[in-house]
Amino acid sequence: MVERLTTLYELQLIDDQLDELEDLRGDLPAVVNELTAQINAIQEQIEVKEAEKKKSLQKRKQNDEDVERLKANLKKFKSQLYQVRNNKEYDALTKEIDHTEEQIEKLESESLALEDLIQKLKAEIEKIEPQLTALSKELKEKESELKQIIKANEREELKLKEKREKVAAKVKKQDYATYMRIRKALGGKAVVTIIRSACSGCHNVVPPKRQLEIKQNKRIYSCESCGRILVSAEIAEEAKKKLQL
């Protein structure tokens, strides 16, 4: 049991050091993620607006071509008015002219609306693009800062991770699962010692009887207040010796 408890505390000590390296990065990882998310959102907005603008331009171009074709037909129909032989032909041709004029009017009206939309989308894109430029510049700076911090501690972090892997391999699966659950729930500290008769994790007093039981190192005990694993000072010292701390 002593070995089991010592290994758990070794793991905690290594994670403490890794957490310290992580803390050196401050809020930079979160800032980088937030900036990346904002940039992606803006890029998506621009892409949607560009796609709508392109579609509107294509539609307006098609309308212009259709208007040209209809105007040519209208000119032809009007010239044919002078060649009609009876009222029936005249009425049919007049009806065709009216229909063609309505189509032209409709397409021209639609093209005007499309032009307004195109200009609106263009203005919106031009308004958004400077934001994208500014955010991209800021992201580049923050990524550079983060990269420098990571690089400065790269060797130490790699060494600690290798050491952690070896120690974690010696921890029982059930103990490791409990350790990780507590660590996730309580922000890092999962295995702690008793300092001045209190849990060093939550600072609540540990009953004297429980303190004596913990000192015997016969089983795993948890703090009744916070749920962290409690180990004796002897276990903590042994773990530190193994890690040469």
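Reader: How many disulfides does a search of the whole structure find?
Author: This is a predicted model, in which local features need pLDDT of at least 70 and side-chain atom pairs count only at pLDDT 80 or more, while totals for chains, interfaces and linings use all residues. Residues are numbered from 1 along each chain as its sequence is written, and side-chain values use heavy atoms, with hydrogens and water left out. If a disulfide is taken as a pair of cysteine sulfur atoms within 2.5 Å, the number that a search of the whole structure finds is zero.

Reader: How far from Cys-199 is the nearest cysteine sulfur?
Author: Cys-199 takes part in no disulfide, and with a relative accessible area of 1% this residue is buried (under 20%; exposed means over 50% and partly exposed in between, with a 1.4 Å probe and protein chains only). The nearest cysteine sulfur belongs to Cys-202, at a distance of 3.8 Å.

Reader: Which residue holds the cysteine sulfur closest to that of Cys-202?
Author: Cys-202 is partly exposed, with a relative accessible area of 22%. The closest cysteine sulfur lies 3.7 Å from its own, which is too far for a bond, and that sulfur is in Cys-223.

Reader: In what order do the four strands of the open sheet stand?
Author: Strands here are DSSP runs of E with at least two residues, helices are runs of H or I with at least four, and both are numbered from the N terminus. Two strands pair if DSSP finds at least two bridges between them, and the pairing in this sheet is mixed. The order is β2-β1-β4-β3.

Reader: Which strands stand at the edges of the sheet?
Author: An edge strand here has a single partner strand, so one side of it is left without a neighbour in the sheet. The strands in that position are β2 (198-199) and β3 (221-222).

Reader: Which residue is the bridge partner of Ile-194 in β2?
Author: Strand β1 (residues 191-195) is joined to β2 by two bridges, and the two strands run antiparallel. In β2, the partner of Ile-194 is Cys-199.

Reader: Which residue in β4 is the bridge partner of Val-192?
Author: On β4 the pairing of β1 has the parallel sense and runs over three bridges. Within it, Val-192 is bridged to Leu-230.

Reader: At about what angle to β1 does helix α1 run?
Author: The axes are lines fitted to C-alpha atoms, for helices over the stretch in contact (heavy atoms within 4.5 Å), and angles run from 0 to 180 degrees between N-to-C directions. Helix α1 (residues 2-24) lies across β1 and β4 (229-231), and its angle to β1 is about 100°.

Reader: What is the phi of Ser-197, which is not a glycine?
Author: The hairpin of β1 and β2 has two residues between its strands, and Arg-196 in the turn has a positive phi of about 55°. Arg-196 is exposed, with a relative accessible area of 79%, whereas Ser-197 counts as partly exposed at 34%. Ser-197, in the loop between β1 and β2, also has a positive phi, of about 65°.

Reader: With which side chain does that of Ser-232 make a polar contact of 2.8 Å?
Author: Ser-232 sits in the loop between β4 and α7 (233-242) and counts as buried at 3% relative accessibility. Apart from neighbours within four places in sequence, the residues in contact with Ser-232 include Thr-193, Ile-214 and Lys-215. A polar contact is a pair of N or O atoms within 3.5 Å, and within protein one must be able to donate a hydrogen and the other to accept it, with residues adjacent in sequence counting only if both atoms are side-chain atoms. The partner at 2.8 Å is the side chain of Asn-217.

Reader: How far apart are the end C-alpha atoms of helix α3?
Author: At the start of α3, a side-chain oxygen of Asn-86 reaches to within 3.2 Å of the backbone nitrogen of Lys-88. The expected span of a helix is 1.5 Å times one less than its number of residues, and for the 66 residues of α3 (residues 87-152) this gives 98 Å. The distance between the end C-alpha atoms, which agrees with that span, is 94 Å.

Reader: What distance separates the C-alpha atoms of Arg-69 and Val-31?
Author: Arg-69 belongs to helix α2 (residues 28-80) and is partly exposed, with a relative accessible area of 44%. Arg-69 and Val-31 are 38 residues apart along the chain, and their C-alpha atoms are separated by 57 Å.
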